[in-house]
Amino acid sequence: MPAVYIRHCQRFFVKGKGDVLRYASCSTVTWCLIGSGFQLIAFNRKLHFYNGEDNQSNDVGVGDEIAIVDTEKEREQAFNRANSGVIHSNRIKWKSLNPKDDHIAIKTDARKLSHEQFDKMPERKFAVRDLDIGGAAKVSKMKDAGKVLGKISEINVDKMSERNVELFDEMAARSIEAWNLKISRLAQSGRIDDARTVFDKMPERNVVSWNSIIAGYGQNGRLEDACLLFGEMPERNAISWNGMIAGYVQNGKVEEGYELFETMPERNVVSWTTMIAGLVQNGRLEDARQLFDRMPQKHVRSWNALISGYSQYEQSGEAVEFFKEMLQSGMMPNSFTFPSVLRASTTLEAVDLGKQIHACILKRGIESDVFVGSALVTMYSKCGIIEHALQVMDKMPEPDLALWNAMIAGFVQNGRMEEAREYFCILAQPNVVSWTAMIAGFAQNGHGEEALIYLIEMLKTAVKANESTLTSVLRACTSLAALEQGRQVHAHIYKTTFENNIFVNNALITMYGKCGSIEDAEQVFTIMPERDVISWNAIIAGYAQHGHAKEALQLFEQLLQAGTKPNEITFVGVLSACSHAGLVDRGRNYFDSMVQNHCLKAGPEHYACMVDLLGRAGHLDEAENLINKMPLKPDAVIWSSLLSASKIHVNVELGKRAAEHLFELEPGNESTYVLLSSIYSAAAMWDDARYVRIMMKEKGIRKTPGCSWMDVNNRVHVFVTGDRSHPESEKIYEKLNELAKQMEEAGYKPETSFVVQDVAEDEKDSILY
């Protein structure tokens with residue numbers, strides 16, 4: 001169908017009957033103002049006509065130029081030019097305009113002018129009347145539309161919008177098209193029972209009537225009703241079959257849709273593409289590929305469906321190979337192809353491939369497409385080449401908000417928060433994606449306080465948080481150990497629709513568990529309407545961190561009974577619980593069952609837990625043997641666990657071996673030197689302990705003082721070892737001395753072997769307190 005392209009990709013479709021409309025120019029200007037709502041009504045000061053069938057483009061000549069209007073005065077001038085014949089209406093040959101784009105950017109107040117132009121028209125054909133009715137309805141001026149209705153005796157309803165369905169009952173004459181349109185609009189707005197009532201009242205029906213109500217049932221999840229009507233249809237066309245198949249696919253009944261597809265007498269491109277897309281959405285990529293191979297005539301949308309499916313289901317290599325097949329077949333990719341294949345190259349971390357795809361985009365001349373541009377920015381950002389992403393952004397003629405958000409997210413992913421902030425501040429009206437990118441960025445980069453500030457600022461605007469916003473800000477509360485702020489966020493969640501959202505609840509459990517309130521974590525977990533493995537992992541880890549091994553292991557057994565499949569993170573929590581409780585035998589059993597019964601691969605974190613479990617219990621030889629037999633190279637965490645166990649049991653030789661490995665892996669890590677020095681001190685090897693401290697001094701390594709903090713009345717109080725800068729320090733130390741005396745009276749004796757200084761016993765006691 002031919003189409004008129006107007007700037008910002010707003011499209012108006014034309015029915016080319018060859019009928020000359022005397023005041024077409026006037027009605028065109030009227031429609032552009034009251035229908036699309038854009039003040040910018042022409043591209044390069046010309047209208048462009050595009051024929052989708054023969055790919056021919058024709059521009060209206062200089063005499064048909066339509067001015068760009070920005071102000072009320074310019075709008076009046078445009079109408080005056082139209083009336084005075086400056087725009088040559090006799091050269092524009094079409095019968096009616098059919099607007100298809102509902103995206104209204106800037107509403108104008110040109111309704112008054114448009115009605116004046118309508119009243120001045122000496123000859124009012126249906127096309128012009130429909131434009132004025134549709135325009136009045138589209139800008140929510142139903143009374144104005146009603147006035148127009150009163151001025152004409154007959155209506156062509158091809159261009160009726162959703163709102164002027166309400167005028168249906170006032171129509172003097174109702175064609176079958178009017179009935180069909182009302183059915184379609186009611187179904188689209190979810191009023192399917194009202195649509196059925198209209199269908200039953202129709203004096204006569206055609207195949208479009210049946211197709212409309214059947215499609216409506218499918219869109220509203222009423223497949224049984226759709227099937228009954230489909231069986232009653234007096235005649236069916238390809239659209240009828242495609243509508244039923246689409247209904248099955250949209251409602252997740254792909255198998256039923258496939259069975260119907262196989263019984264179709266004739267299939268068109270839409271039939272094949274709908275079925276392939278349905279299989280892809282359900283993850284049945286193999287079946288989708290087999291169906292694609294059977295397809296007699298491939299379409300670009302069929303190729304796109306499979307490429308998107310491979311990319312979405314993490315089969316990025318297949319997505320790239322299939323894209324290559326597409327090019328070899330001679331099929332030209334479009335703006336929907338490239339984002340999917342760019343996502344695949346990003347997942348593969350194949351930046352060279354991404355650059356080749358970028359070159360292909362440039363050859364196709366679609367680099368200015370905002371969807372393609374966003375995909376390129378995302379690809380370069382995730383591959384760490386932020387400068388290339390900036391170049392793509394800078395070359396976009398009119399970047400939209402999605403592209404700005406992609407650029408902000410790119411800065412965030414690369415830790416360049418100041419630049420992200422600068423780009424964010426440029427936005428006139430940031431949306432929830434913009435805010436969430438900033439909040440997530442601050443949370444991920446250790447700026448939790450900034451994340452909370454941005455959340456507060458966002459809530460002051462009309463923008464509402466989504467699940468990503470809430471999970472990001474909860475992550476910020478977790479990193480700050482800000483329990484009170486986390487509770488405030490939780491209170492806000494109760495006021496939203498995300499109270500039962502599984503992702504938000506998982507973040508709440510993690511936050512409460514890590515902020516010291518395992519009771520609140522348990523409460524959230526208990527009332528969750530649905531749980532996934534992440535929910536179980538969060539609560540198990542929370543109990544393990546708080547030393548409640550019994551509860552953690554009981555929850556693990558409940559997880560298995562519920563039929564949830566544990567993953568690698570689950571067993572980290574389970575083994576950690578065993579380690580804290582000294583459950584060596586159970587820990588061994590869980591470690592073995594992870595590999596043998598659950599077919600999971602043990603990673604460095606699992607070996608670290610086992611070494612910690614065995615080391616705490618004094619099984620140092622077994623712990624070292626486990627490390628030596630590992631199928632992968634031990635990391636610093638594993639050797640640190642062994643070094644800590646060596647300190648607990650004062651095993652000097654084992655401690656030295658563990659420290660040597662750590663000196664190679666992390667030569668600047670202060671804790672290795674401190675632990676080794678402590679081992680020497682505990683063994684009264686003062687010269688060796690002194691030598692380690694000299695090594696630290698020579699290498700410029702300093703021990704970070706012990707630090708703790710607490711939140712009291714929304715104020716964070718920080719405490720550092722030996723520090724007396726707090727305004728209440730005198731009272732604090734007075735209380736500490738009081739507690740020390742109470743501990744002594746209760747029978748507590750400090751472990752002085754951990755003091756690294758060679759001093760008297762009473763001084764060691766003082767240092768420990």
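This short talk walks through three pairs of packed helices and two buried residues in a predicted model.

Before I begin, a word on the ground rules: residues are numbered from 1 along each chain as its sequence is written, and side-chain values use heavy atoms, with hydrogens and water left out. Since the model is predicted, local features need pLDDT of at least 70 and side-chain atom pairs count only at pLDDT 80 or more, while totals for chains, interfaces and linings use all residues.

Let me start with the annotation. An unreviewed UniProt entry places the feature "repeat: PPR" at several spans, among them residues 303–333 and 400–430; such positions are given in the numbering used here, feature names are shortened, and annotations may be inferred rather than shown by experiment. In the model, residues 303–333 are 74% helix and 0% strand, with the end C-alpha atoms 9 Å apart. For residues 400–430 the figures are 74% helix and 0% strand, with the end C-alpha atoms lying 11 Å apart. Helices here are DSSP runs of H or I with at least four residues, strands are runs of E with at least two, and both are numbered from the N terminus.

Now to the helix pairs. Two packed helices are described by the angle between their axes and the distance between the axes. The axes are lines fitted to C-alpha atoms, for helices over the stretch in contact, and angles run from 0 to 180 degrees between N-to-C directions.

Helix H14 (residues 300–312) packs with helix H15 (residues 316–328) at about 160°, and their axes are 7 Å apart. That angle makes H14 roughly antiparallel to H15, a label used for angles over 145 degrees, whereas under 35 is roughly parallel, 65 to 115 roughly perpendicular and the rest oblique. Among the residues that meet, where contact means heavy atoms within 4.5 Å, are Trp303 and Tyr310 in H14 and Phe322 and Phe323 in H15. By class, this contact of H14 with H15 has nine nonpolar, three polar and two charged residues; here Ala, Val, Leu, Ile, Met, Phe, Trp, Tyr, Cys and Pro count as nonpolar, Asp, Glu, Lys and Arg as charged, and the others, Gly among them, as polar.

The next pair is helix H20 (residues 401–413) and helix H21 (residues 417–426), which pack at about 160° with their axes 7 Å apart. H20 is therefore roughly antiparallel to H21. The residues that meet include Trp404 and Phe411 in H20 and Tyr423 and Phe424 in H21, and the contact of H20 with H21 divides into ten nonpolar, no polar and one charged.

The last pair is helix H32 (residues 604–616) and helix H33 (residues 620–628), packed at about 165° with axes 8 Å apart, so H32 and H33 are roughly antiparallel to each other. Tyr607 and Leu614 of H32 are among the residues making the contact, as are Leu620 and Ile627 of H33.

I will finish with two single residues. Is glycine 486, in helix H25 (residues 483–494), buried or exposed? Glycine 486 counts as buried, because its relative accessibility is 0%, and buried means under 20% relative accessible area, exposed over 50%, and partly exposed in between (1.4 Å probe, protein chains only). Not counting residues up to four places away in sequence, glycine 486 touches Leu474, Cys477 and Met511.

Aspartate 520, in helix H27 (residues 518–527), also counts as buried, at 18% relative accessibility. Leaving aside neighbours within four places in sequence, aspartate 520 is in contact with Arg487 and Tyr512.
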